[in-house]
Structure formats: structure tokens, C-alpha cells
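Student: I have a structure open on my screen and would like to talk through its side chains. Could you take me through it step by step?

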Amino acid sequence: MNLARFARRRYTPGFTQIAPLNRLTAALGGARIWVKRDDQLGLAGGGNKTRKLEFLVADAIKNGADTLVTCGAPQSNHCRLTLGAANVEGLKCQLVLEELAPGTYDKGASGNNFLYQLLGVEERIVVGAGTDLNAEMARVIDDLAAVGRKGYAIPSGGSNAIGALGYVSCAEEILSQGFELGVNFDAVVVCSGSAGTHAGLLVGMQGNHSGIPVHGVSNSRHFPEQFPKVHELANQTADLLGIPAIEADTVIIQDGHIGAGYSIPTPEMVEVVHMLARLE
């Protein structure tokens, strides 16, 4: 695969670290665990969406956009990072925020919502739960066009075929680093939500004939809903790259950790966060 033929902006110098989690591995007593430190990625606070934005923002610039338009929850990491990328590139940014519980949105809230204000978001459009976010972004882009501006829509989580290229690239990083470390990884485990990270890693591992399976741990949807989402995006990404389609049986989804729903903590999640923080 030749990723160099796709436009890309670089927001992180070099590779992110792969580090052994020796104390966690000893405590659990199972397989040796390593972590890919994508919390070290660039832009405003880092996180996995940065890799996707390297390709998405490059495509926006190539298409002459002056405004990035994206969507997410009121505390969306993706929205924060998209706004950060816009500032790096001298672009404007408008956000469509989905108020998941009626009456809960607080414009003065802290966290990522505070960072939207600090980073200078041009507009926050708050819509109700269940709104067609892609249609709302299309409306924003039409409004921009009416005043002579050009918007570029980035889907929730940056999860389309262009965005997934960021994690095709990450798969190639992992393979290169594994070779340098002398480690042959038996599996890659990743959160599976909007599906861009999961699909990109899967395509990267398959396209490089690595033989390494990618296990996606769903954060919101059970297998019947999440499987087609991942498989379809993986095939769109493979098609963009000009490589064979992704076989259905390579899409691995574990859906036993969702709990009450997306972003709602479970006691087990709280326990493991504490364990990781105190051991590593």
C-alpha cells in the first residue's frame, strides 16, 4: 500500500511510543500487554482522532475549504481536536453538538466544552438527541456557501474512508516498531465506536499481510449493529487504497463491556482505570 499518494498534514513528529505494561501484566497474570501511546499524538490534548484529521484536513485544504464543520457530543474529544487542527491551519471551525439528554447542555461547562471556547470555535449549533447530524452539517455548509464561504464536513469521530487512513498508517507503525522491538504481537485490541480506528487498523493489518487479528471492543453497540458499521467502512477504506475487500470473518467485535450505554461508567471500568493508573 502506498499511503504517500494521499494528501496528509503532520500533527505529530515521528511515531508514538509502544511501551510494555509490565506491572499490569504481572497483576493480571495473562498475556504480556503493550500499549501504543496515542495519547501522545499532537494537537489540543492528543488522542486517536488526530491521526484521522491528518488526512481529513489535508483533503479539506486540497478542496479549498475555509471552514471545518464536524459533529459530536457536547464533550467530544473529536470536536476539540478538529478545532485544534483548524487553528493550526488558519481555518474556521463550526461544531454541531448533539444534546444526548434534553436540557443538559451547559454552554459554560468545563472540560472539552471549555476548550471549545478557549480555542475560539466560531459557532456551536446544539441539536436534540437523534438529530440527523450529517443533514445538519450539510445545512451549515449550505449557509456558509450562501455567504461565499466553503465548508468541509467531517463525520462523527472522523470516521470515513479518508479518516481511516490514519489508522492504516498506524498499523504500519505498529508493524515497524514490533520489528525494531523484536516483538511479534499476537493481537491488537482497540475500542470500536464510530469505527474509523477499528476499520483502519484492520485494513492496515490485512493489507500488509501481517496475520495479526484486530479485536474491537464496542463502546455502544452490540455485535449485530457494530459489525456492519466496521465491515462497511473497512471495505470502503480498502477500495480507496485499491486492495482486496476485507473478509467478514476478520471483523472481530467484543460487545460484553457496554453496560448501560455509551459514556456511562460501569463499576468494572472504574476498577480497571484505577488499577492501570496505580500500576502504570
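Tutor: Happily! One definition to begin with: buried means under 20% relative accessible area, exposed means over 50%, and partly exposed is in between. Please keep in mind that this is a predicted model.

Student: With that in hand, is R10 buried, exposed or partly exposed?

Tutor: The relative accessible area of R10 is 47%. Buried would need a value under 20%, and exposed a value over 50%. R10 is therefore partly exposed.

Student: Which residue does R10 meet in a salt bridge, and what is the N to O distance?

Tutor: A salt bridge here needs a side-chain nitrogen of Lys or Arg within 4 Å of a carboxyl oxygen of Asp or Glu. The partner of R10 is E54, which counts as buried at 5% relative accessibility. E54 lies in helix α2 and R10 in the segment before β1 (18-20), so the pair ties together parts that are 44 residues apart in sequence. The residue is E54, and the N to O distance is 3.8 Å.

Student: How many salt bridges are there by this rule?

Tutor: One group of them is a network that links K36, D38, R51 and E173. The E54 and R10 pair is a salt bridge too. By this rule the count comes to 12.

Student: Let's go to helix α5. What is the N to O distance between R139 and E136?

Tutor: Both residues lie in helix α5 (residues 133-146), three residues apart, about one turn of the helix. R139 is partly exposed at 37% relative accessibility, whereas E136 is buried at 15%. Their side chains meet in a salt bridge, with an N to O distance of 2.8 Å.

Student: And how far apart are the closest N and O atoms of D143 and R139?

Tutor: D143 and R139 are four residues apart in helix α5, so about one helical turn separates them. D143 is partly exposed, with 43% relative accessibility. The two form a salt bridge, and their closest N and O atoms are 2.6 Å apart.

Student: Now for the interior. Which element gives the largest share of the largest nonpolar core?

Tutor: In general, nonpolar side chains in soluble globular proteins tend to be buried together. The largest nonpolar core has 20 residues, and V57, L68, L95, Y116, Y152 and I154 touch the most other members. At least two residues each come from α2 (49-62), α3 (77-89), β4 (92-99) and β6 (151-154). The largest share, five residues, comes from α3.

Student: How many residues are in the second, separate core?

Tutor: This core includes L165, L233, V251 and I253. It is separate from the core just discussed, and its residue count is 18.

Student: What about the surface: which residues make the nonpolar patch of about 290 Å²?

Tutor: One member, V272, sits in helix α9 (residues 267-279). V272 has a relative accessible area of 45%, so it counts as partly exposed. The patch is made by M269, V270, V272 and V273.

Student: Finally, how many disulfides does the structure hold?

Tutor: A disulfide needs a pair of cysteine sulfur atoms within 2.5 Å. For C71, which is buried at 1% relative accessible area, the nearest cysteine sulfur is that of C79, 6.7 Å away. C170 is also buried at 1%, and the nearest cysteine sulfur, that of C191, is 14 Å away. The number of disulfides is zero.

Technical notes:
Residues numbered from 1 in each chain as written. Predicted model: local features only at pLDDT ≥ 70, side-chain atom pairs only at ≥ 80, totals over all residues. Heavy atoms only, no water. Buried < 20%, exposed > 50% of the residue type's maximum accessible area, 1.4 Å probe, protein only. Patch = residues over 30% accessible without salt bridge, like charges linked within 9 Å, V, L, I, M, F, W, Y side chains within 5 Å. Areas by Shrake-Rupley, 256 points an atom, 1.4 Å probe, with all protein chains shown as cover. Core = buried A, V, L, I, M, F, W, Y, C linked by side-chain atoms within 4.5 Å.
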